[in-house]
Amino acid sequence: MTTEIEHKPYSVRWEYACVAGILAIWVTMLSLKIGVGLIAGLAIFALTRFTRRGFIRLLQPHINRFKGRYLRALFGWLPTVLTVGVVALAVFLIGVGFNSGVRFVVATMTQQGPQLVDEALRNLNTVTASLPDAVRQHIPGKPSDLYKMLTKEEGDVMGYVRNFGGASFFIFLQLVFALILGVSAALMSSAVPTQMTTAVKPLANAWLAALENYVRSFTLLMGAQVYVSIWNTFCTAVFVYGILPTFDVILPFRELLLMFTAVASLIPAAGNIMANTLILVLTIRYGVLVALGSVMYLFIIHKLEYFINGFIIGRNVRASVPEMLIAIILGEVAFGLPGLITAPVTYAFLKMHWQRWGWV
């Protein structure tokens with residue numbers, strides 16, 4: 001009993017150091033503008049490990065039936081080979097789909113984007129007509145004013161678009177290295193026998209556990225956001241194509257609205273606010289009752305959303321919406337768009353350990 005009491009603080013000290021180390025790596029990678037590689041690497045790592053574990057569960061019982069040692073060793077590589085093939089095919093299909101999606105979005109934005117901005121500003125001006133002059137002067141009244149507002153700082157959304165075009169080759173290199181490192185790390189971590197974890201040094205043991213927890217936080221949050229995006233897009237489609245037309249309300253730019261909802265909903269907490277704001281701006285011209293009905297419908301959707309997040313994340317990371325919003329805002333201010341995406345993951349990772357240590 002005495003040995004366990006003396007050993008526990010020693011292990012926790014190593015855990016403190018490893019959590020701080022991962023936090024330092026996260027800050028360093030985003031400061032060096034390789035956040036895209038971090039996100040892609042984590043996603044590929046999780047996909048590779050999940051695929052390999054599935055093949056092992058499926059094929060290992062059949063491989064163990066071989067009596068010859070060399071034959072069993074030869075077929076023992078089958079899960080790894082199949083995993084690499086499946087992951088490579090998945091990455092290729094995702095790349096093709098992403099390329100097609102970007103072309104479709106660009107074409108749609110080229111055709112409908114200016115009209116959407118005009119429509120939103122027209123509705124916004126209708127609402128702000130009764131506001132004081134001091135407030136109304138800071139609200140854009142035409143597309144050129146909105147463009148100046150968006151482009152007045154280098155770290156804004158338009159800056160992201162310009163920087164993406166100028167740094168496309170650098171981003172491509174990040175994705176290539178993320179693919180190689182993500183697949184390699186997943187295969188190496190799966191190859192380490194479980195019984196060896198107790199034999200390694202305490203720092204290595206704590207480091208592997210911390211890395212596992214960070215990947216787990218990423219998988220939980222990003223997996224939950226995919227379900228949330230599907231749910232929000234489906235409910236928004238029902239609302240704009242089914243419910244509103246029954247009241248003779250036909251929203252313009254419905255396809256563009258659904259695309260924006262699907263993409264924005266992948267951002268924890270803040271994505272819902274952006275999508276809801278756009279829907280509210282587009283519906284407010286049809287009257288107060290329609291706008292209030294939209295707000296109530298969206299409120300119900302997002303309350304039901306908590307069941308999805310609760311089922312996937314609930315018992316593991318008890319992070320409220322205000323906490324996530326603060327993490328997202330700080331991540332975006334400090335590191336831009338990659339920080340906006342990865343800050344909730346890092347905060348979930350930290351809070352998971354804070355709960356483990358009894359701090360919160």
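How many salt bridges does the structure hold? The structure, a predicted model, holds three salt bridges, and the views below take up each of these pairs before turning to two further residues.

**View 1. Overview of the protein chain, an arrangement of 14 helices and zero strands.** Read along the sequence, the pattern is helix after helix, α-α-α-α-α-α-α-α-α-α-α-α-α-α. Of the 360 residues of the protein chain, 34% count as buried, and the accessible surface comes to about 21800 Å², of which 72% belongs to carbon and sulfur atoms. Among contacts between residues at least 6 apart in sequence, 74% join residues at least 24 apart.

**View 2. The salt bridge between Glu15 and Arg356, with a distance of 3.0 Å from N to O.** Glu15 lies in helix H1 (residues 2–31) and Arg356 in helix H14, so the pair ties together parts of the chain that are 341 residues apart in sequence. Glu15 is buried, with a relative accessible area of 13%, whereas Arg356 counts as exposed at 59% relative accessibility.

**View 3. The salt bridge between Arg49 and Glu212, whose closest N and O atoms are 2.5 Å apart.** Because Arg49 belongs to helix H2 (residues 35–63) and Glu212 to helix H9, this pair ties together parts that are 163 residues apart in sequence. Arg49 counts as buried at 9% relative accessibility, while Glu212, at 32%, counts as partly exposed.

**View 4. The salt bridge between the side chains of Glu323 and Lys351, at 2.9 Å from N to O.** Here the pair links distant parts of the chain, with Glu323 in helix H13 (residues 321–335) and Lys351 in helix H14, 28 residues apart. Glu323 is partly exposed, with a relative accessible area of 23%, and Lys351 is buried, with a relative accessible area of 9%.

**View 5. The surroundings of His353, a residue of helix H14 (residues 337–357).** With a relative accessible area of 2%, His353 is buried because this value falls under the 20% cut-off. Not counting residues up to four places away in sequence, His353 touches Glu15, Val19 and Asn213; Glu15 is also the salt-bridge partner of Arg356.

**View 6. The surroundings of Ser229, placed in helix H9 (residues 202–246).** Ser229 counts as buried at 7% relative accessibility. Leaving aside neighbours within four places in sequence, Ser229 is in contact with Ala262, Ser265 and Leu266.

Key:
Residues are numbered from 1 along each chain as its sequence is written. This is a predicted model: local features need pLDDT of at least 70, side-chain atom pairs count only at pLDDT 80 or more; totals for chains, interfaces and linings use all residues. Side-chain values use heavy atoms; hydrogens and water are left out. Helices (H or I, at least four residues) and strands (E, at least two) are DSSP runs, numbered from the N terminus. Buried means under 20% relative accessible area, exposed over 50%, partly exposed in between (1.4 Å probe, protein chains only). Contact means heavy atoms within 4.5 Å. Accessible areas come from the Shrake-Rupley method with a 1.4 Å probe; for residues, only the protein chains shown count as cover. A salt bridge is a side-chain nitrogen of Lys or Arg within 4 Å of a carboxyl oxygen of Asp or Glu.
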